[in-house]
Amino acid sequence: MSIIKVKNLKKIFNGREVLEGISFSVEKGEVFGFLGPNGAGKTTTVRCVLGLLHPDAGSVEVLGGDLGTDDPLRRRVGVLLESNGLSDRLTAQENLDYFARLYDLQNPEERVAEMLRFVGLEERKDNPVGTFSTGMKRKLGIARAVLNDPEVLFLDEPSSGLDPEAQLMVRDLILDLSKKEGMTVFLNSHNLDEVQRVCTSVAILHQGRIRAFDTVERLRGEEKGTHLEVVLGDPASAERASEILRGMPGITEVDRENESVTAILTDGSAAAAVRELVQAGCAVEEIRKVRRSLEQIYLEAVHQAEGST
Ligand SMILES: Nc1ncnc2c1ncn2[C@@H]1O[C@H](COP(=O)(O)OP(=O)(O)OP(=O)(O)O)[C@@H](O)[C@H]1O
């Protein structure tokens, strides 16, 4: 079931098409990463999805409706944009109490206590937020965004400006929300490592067009099998090894570059393949399983797009 559906979305600013008819969807329970270089149109897309900006063409649906016009629907959505939406003068508890009243929660005290625990801030609940570190403020911002137990959560650059430890805490919170609470998460981020670790699907936007949109697993080619790289002692040995691998069942997409041979293992074990190479007299120096990183995929998509414009 699609929680977010974007179809042929167009947005024009000052006569310039900033979004050129983009389409993507986010399924229930997914953590979706929305990627793209500066100025690609990510914020514009998110503002259209949240109903803060009116598209020039196309359609946007969140939980089957329009967030721009449907008040009850907005209560089923959590949003954490650049600012954490907190008052520095109030304590952590007072901040959440305020939003609990705003959302008209049924058991506000319980829910606020639960959320302070969830983000690990119960011991600091009586301190003014102005005394908090950037990481603590971000965690409280996430607690604020999920206070009303939303079905879908929008996060804009949740780890920007955070040190590695705080980034890790934010990442764990996102994974907890997705795995334990079954929340659908829309993550707008430049942090490819974070996206690779938490997202199940991604879209890459570049100059107002979607250049890639798929599950992380498929983009990394993992559904095809295990990607292997075999390093041999010399190019001749590598050529011989690639011929042998090409003739083996359960191995596809064999490619050689200098002393290195890459292949995809669709069936059988890497050890059995290496045994055959060694028995045939190939000087195998190293074998490793390789995974395409999201960074490679991202850079390829962006460079391809730049080459085609
Ligand atoms: N209100 C506006 N009026 C005119 N142009 C705008 C407006 N908002 C955005 N733009 C332009 O639209 C393009 C896309 O901007 P957007 O902020 O959506 O990009 P982004 O992908 O979010 O970038 P970043 O990663 O830097 O935040 C940019 O060229 C920007 O200058």
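**A helix pair, a ligand shell and the whole chain**

In this predicted model, helix H3 (residues 92–102) and helix H4 (residues 108–118) have axes that come within 10 Å and cross at roughly 135 degrees. Two packed helices are described by the angle between their axes and the distance between the axes. An angle over 145 degrees would count as roughly antiparallel, and one of 65 to 115 as roughly perpendicular; H3 and H4 are therefore oblique to each other. The crossing of H3 past H4 is right-handed. On the H3 side, the contact is made by Ala92, Gln93, Leu96, Asp97, Ala100 and Arg101. H4 contributes Pro108, Arg111, Val112, Met115 and Leu116. Sorted by class, this contact has 7 nonpolar, 1 polar and 3 charged residues.

The ligand has its own set of surrounding residues. Around the ligand are Phe13, Asn14 and Val18, together with Gly36, Asn38, Gly39, Ala40, Gly41, Lys42, Thr43 and Thr44. Helix H1 (residues 42–49) supplies the largest share of this shell, with 3 residues. By class, the shell around the ligand has 7 polar, 3 nonpolar and 1 charged residues.

These two sites belong to a chain with 11 helices and 13 strands. The C-alpha trace of the chain spans about 75 × 50 × 30 Å along its principal axes. Of the 309 residues in the chain, 37% are buried. Among contacts in the chain with a separation of 6 or more, 67% are between residues 24 or more positions apart.

Terms used: Residues numbered from 1 in each chain as written. Predicted model: local features only at pLDDT ≥ 70, side-chain atom pairs only at ≥ 80, totals over all residues. Axes fitted to C-alpha atoms, helices over the stretch in contact; angles between N-to-C directions. Helix = DSSP H or I, 4+ residues; strand = E, 2+ residues; numbered from the N terminus. Parallel < 35°, antiparallel > 145°, perpendicular 65-115°, else oblique. Left-handed = near helix turned anticlockwise from the far one by under 90°. Contact = placed C-beta atoms within 7 Å. Nonpolar A, V, L, I, M, F, W, Y, C, P; charged D, E, K, R; others polar. Near = placed C-beta within 6 Å. Buried ≥ 20, exposed ≤ 12 C-beta atoms within 10 Å, placed from the backbone.
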